[in-house]
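User: I have just opened a new entry and would like a patient walk through it. Could we begin with a single residue and widen the view afterwards?

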Amino acid sequence: MSKVYDLIIIGAGPAGLSAGLYGGRARVDTLVIEKAKDGGQIATTDEIENYPGGLEEDSGPALIARMTEQVKKFGAERVSDTITKVELQGDVKKVYGEKGEYHAKAVIIATGAVPRLLGVPGEKEYTGKGVSYCATCDAAFFEDFEVYVVGAGDSAVEEAMFITRYARKVTLLVRGGELTAAKSIQQKAFKNEKLDFLWNTQVTEIKGEDGMMSSIVIENSETKERREIFADEEDGVFGLFVFIGFIPLTGLFEGQVEMDRGYVIADDNMRTNIPGVYVAGDCRVKMLRQVVTACADGAIAATHAEKYLESLE
């Protein structure tokens, strides 16, 4: 039988790294497993303004690099592996990867979530360079500029209204002929003087120059007419925010931990329905998904995992 760790953390975004920091600092024998590079969604963000105590003009990769060093400093072990299967019931949890098998008395799920993408040419290249999936993170960067928002549901409309606090003008690109948001939200949106609507419209391509998004191509779904939208000449830049949903990366845990629409259910102490199994970050049911809340989740999960481990002694 392989070594039995006290704690395994699956995922090394802000939630997983925060949990690794607290686990290591508490002298809990901790293993952090990440399949790719550390950071999750924040690793693609050029600038972070709303992380408390963050450095001026701090970037996502820079913030994550400091977190990674802290985890290393406090002794949490690291493994790069893609997890393919988990067995979470029982006193010893089993985590199976492409490179090996890992055992622990407690597990923290910190696998995160990813935005649902448009899937059009140029989207990947200009994410974080004009294209965004987080109004709270990036709306302030477009103060007094024009912004386009893709979506029709509650989140899209609410985020579009939030962006009007900063942008000169916000245009909602709606795939169909009507909004799907709640009627109360729609009423507020239609009263917002800075909010316009383009119906039966979808983005088909995103283009850029000098490393930044410079235009978007839109298509009318009824007439199939296409046109290209450029930034105002005086502005030089504009924003495209996409709010068509998120995909929690929790498929591994289906049938074991309780979920709601793919998000793991937990109490305020990050405990799932399985003793010794916790969840932290964007993959859990929560209202606000930000770096600061992910870090808080990770700290809480690791602290309560420590108490659980003490109860086994």
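User: Leaving aside neighbours within four places in sequence, which residues is Phe 197 in contact with?

Analyst: Please keep in mind that this is a predicted model. Leaving aside its neighbours within four places in sequence, Phe 197 is in contact with Leu 172, Leu 179, Ala 189 and Phe 190. The residue lies in strand β11, and the C-alpha atoms of Phe 197 and Val 174, which are 23 residues apart along the chain, are separated by 7.2 Å.

User: And is Phe 197 buried or exposed?

Analyst: Phe 197 counts as buried, because its relative accessibility is 19% and the cut-off for buried is under 20%.

User: What comes after that strand, say around Asn 200?

Analyst: Asn 200 sits in the loop between β11 (195–198) and β12 (201–209). Its phi is near 50°, which is a positive value in a residue other than glycine. With a relative accessibility of 16%, Asn 200 counts as buried.

User: What about phi at Asp 210?

Analyst: Asp 210 is not a glycine either, and its phi is positive at about 55°. This residue is found in the loop between β12 and β13 (212–220). Asp 210 is exposed, because its relative accessible area is 81% and exposed means over 50%.

User: OK, let's zoom out. How many helices and strands does the protein have?

Analyst: The secondary structure comes to 6 helices and 19 strands. Along its principal axes, the C-alpha trace spans about 65 × 40 × 35 Å.

User: How does the radius of gyration fit with a compact globule?

Analyst: The two agree, because a compact globule of 313 residues would have a radius of gyration near 20 Å and the protein has 21 Å. As for burial, 49% of the 313 residues count as buried.

User: What share of the contacts joins residues far apart in sequence?

Analyst: Among contacts with a separation of 6 or more, 59% are accounted for by residues 24 or more positions apart.

User: Now the inside. Which residues touch the most other members of the largest nonpolar core?

Analyst: That core has 30 residues, and the ones that touch the most other members are Leu 7, Ile 9, Met 67, Ile 108 and Tyr 278. The elements giving two or more residues to this core are β1 (4–10), α1 (14–25), α2 (60–73), β6 (101–109) and α6 (291–312). The largest share, 8 residues, comes from α6.

User: Where does Ile 108 lie, and what does it touch?

Analyst: Ile 108 lies in strand β6 and is buried, with a relative accessible area of 0%. Leaving aside neighbours within four places in sequence, its contacts include Leu 7, Ile 9, Ala 19, Tyr 278, Ala 301 and Ala 302. Ile 108 and Val 277 are 169 residues apart in sequence, and their C-alpha atoms are 5.9 Å apart in space.

User: And Leu 7, what does that one touch?

Analyst: Not counting residues up to four places away in sequence, Leu 7 touches Val 28, Asp 29, Thr 30, Leu 31, Ala 104, Ala 106, Val 107, Ile 108 and Ala 305. There is also a second, separate core of 24 residues, which includes Ala 135, Val 149, Ala 152 and Phe 241.

User: Switching again: is Val 95 buried or exposed?

Analyst: Val 95 is buried, with a relative accessible area of 0%, and its place is in strand β5 (residues 93–97). Among the residues that Val 95 touches, not counting those up to four places away in sequence, are Ile 8, Ile 10, Ile 33, Ile 83, Tyr 102 and Val 107. The C-alpha atoms of Val 95 and Lys 124, which are 29 residues apart along the chain, are separated by 31 Å.

User: Last topic, the surface and the charges. What is the accessible surface, and how far apart are the mean positions of the charges?

Analyst: The accessible surface comes to about 15600 Å², and 48% of it belongs to carbon and sulfur atoms. The protein has 35 positive and 50 negative charges, and the mean positions of the two groups are 5 Å apart.

Terms used. Residues are numbered from 1 along each chain as its sequence is written. This is a predicted model: local features need pLDDT of at least 70, side-chain atom pairs count only at pLDDT 80 or more; totals for chains, interfaces and linings use all residues. Side-chain values use heavy atoms; hydrogens and water are left out. Helices (H or I, at least four residues) and strands (E, at least two) are DSSP runs, numbered from the N terminus. The radius of gyration is taken over C-alpha atoms; the globule rule is 2.2 Å times the number of residues to the power 0.38. Buried means under 20% relative accessible area, exposed over 50%, partly exposed in between (1.4 Å probe, protein chains only). Contact means heavy atoms within 4.5 Å. Accessible areas come from the Shrake-Rupley method with a 1.4 Å probe; for residues, only the protein chains shown count as cover. Lys and Arg count as positive and Asp and Glu as negative; His and the chain ends are not counted. The place of a charge is taken as NZ of Lys, CZ of Arg, CG of Asp or CD of Glu. A nonpolar core is a set of buried Ala, Val, Leu, Ile, Met, Phe, Trp, Tyr and Cys residues joined through side-chain atoms within 4.5 Å.
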